[in-house]
Amino acid sequence: MSSSSRLSRSLSEDRPVVALWGCQLGTGARSYVVEEEDDFLEHLVLLKTVCLGTDAGDEPHVVAVDSKNAFGERRPVPIAMLRSSRLLTISFKHLELVPPVTFVLQCGAGPVYLSGQHVILEDDVMSEVCEEELSEEDADDEDDDGAS
């Protein structure tokens, strides 16, 4: 079962849907892309930790994020610099990114592990339509109850 089908199934039950995600950057894969979904819902990527693997050498490891900024431009921005002799892990509290977003290992051989949450929010337009339909149904039910 793909992760998108699990998320879609969960979306009908609870809102918002939160799924854990993670990736490894290193010599084999220097970048990782969190794709934009075509489901007309709002998606957020919450980066929580960037951690240097135990196999990493004592060299600087720079992780950058490439995502659209407020002006719609894409520029890689370094967000973490790790070194096995000094700093092994960085935790983020409020780093929210809108897909598509690319994480890039700009410097170092890795491995560097990233983990966080993929959040799917209910579309406001769809929720307003659903609320209107429910209120109309409630009004119709009340009219039917009053007529009997």
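## A tour from strand β3 outward

Begin by selecting leucine 44, which lies in strand β3 of this predicted model. With a relative accessible area of 13%, leucine 44 is buried, because anything under 20% counts as such. Show its surroundings, leaving aside residues up to four places away in sequence, and you will find that Leu44 touches Glu96, Leu97, Val98, Pro99, Gln117, His118, Val119 and Leu121. Now add valine 119 and draw a C-alpha to C-alpha distance: leucine 44 and valine 119 are 75 residues apart in sequence, yet 5.0 Å apart in space.

**The whole chain**

Zoom out and colour by secondary structure, and the chain shows 2 helices and 8 strands, which run α-β-β-β-β-β-β-β-β-α from the N terminus on. Of the 148 residues in the chain, buried residues make up 30%. Among contacts in the chain with a separation of 6 or more, 78% are between residues 24 or more positions apart.

**The largest nonpolar core**

In soluble globular proteins, nonpolar side chains tend to be buried together. Here the largest nonpolar core has 21 residues, and a useful selection is Val50, Val63, Phe103, Val112 and Leu114, which have the most contacts inside it. Two or more residues of this core come from each of β1 (17–25), β3 (42–52), β4, β5, β6 (89–97), β7 (101–107) and β8 (112–121). Which of these strands gives the most to the core? The answer is β3, the strand where the tour began, with 4 residues.

Keep Leu114 selected and display what surrounds it. Not counting residues up to four places away in sequence, leucine 114 touches Trp21, Gly22, Cys23, Leu25, Leu47, Thr49, Val50, Val63 and Phe103. One of these neighbours, Cys23, is worth a separate look: with a relative accessible area of 9%, cysteine 23 is buried. Select cysteine 51 as well, which at 27% relative accessibility counts as partly exposed. If you search the model for disulfides, the count comes to 0.

**The second largest pocket**

Rolling a probe the size of a water molecule over the atoms shows where empty space is left. Go next to the second largest pocket, which has a volume of about 210 Å³. Its lining comprises 14 residues, and to find the centre you can select Asp66, Ser67, Lys68, Asn69 and Glu73, the closest to it. By class, the lining has 6 nonpolar, 2 polar and 6 charged residues. Both β4 (61–68) and β5 (74–82) supply at least two residues of the lining, and β4 gives the most, with 4 residues.

Two of the residues closest to the centre, Ser67 and Glu73, reward a closer look. Is serine 67 buried or exposed? Serine 67, which has its place in strand β4, counts as buried at 11% relative accessibility. Apart from residues up to four places away in sequence, Ser67 touches Glu73, Arg74, Arg75, Val98, Pro100 and Val101. Glutamate 73 sits in the loop between β4 and β5 and, at 34% relative accessibility, counts as partly exposed. With the same sequence neighbours left out, Glu73 touches Ser67 and Lys68.

**Backbone features in the loops**

Most residues other than glycine have a negative phi, and most peptide bonds are trans. The last stops are therefore places where the backbone departs from that general pattern.

From Ser67, follow its contact to Pro100, a residue in the loop between β6 and β7. The peptide bond from proline 99 to proline 100 is cis, with omega near 0°. Pro99 has already appeared on this tour, as one of the residues that leucine 44 touches. Move on along the chain to the loop between β7 and β8, where proline 111 is found. A second cis peptide bond to inspect joins glycine 110 and proline 111, with omega at about 5°.

Finish with phenylalanine 40, whose place is in the loop between β2 (31–34) and β3. Its phi is near 60°, a positive value in a residue other than glycine. Display the surface here, and you can check that phenylalanine 40 is exposed, with a relative accessible area of 75%, whereas leucine 44, where the tour started, is buried.

Definitions and conventions
Residues numbered from 1 in each chain as written. Predicted model: local features only at pLDDT ≥ 70, side-chain atom pairs only at ≥ 80, totals over all residues. Heavy atoms only, no water. 1 Å grid on protein atoms, 1.4 Å probe; cavity = no way out; pocket = protein on both sides within 12 Å on 5 of 7 lines; lining within 4 Å. Points joined across faces, edges and corners; volume = space filled by probe spheres on them. Nonpolar A, V, L, I, M, F, W, Y, C, P; charged D, E, K, R; others polar. Core = buried A, V, L, I, M, F, W, Y, C linked by side-chain atoms within 4.5 Å. Buried < 20%, exposed > 50% of the residue type's maximum accessible area, 1.4 Å probe, protein only. Contact = heavy atoms within 4.5 Å. Disulfide = S-S within 2.5 Å.
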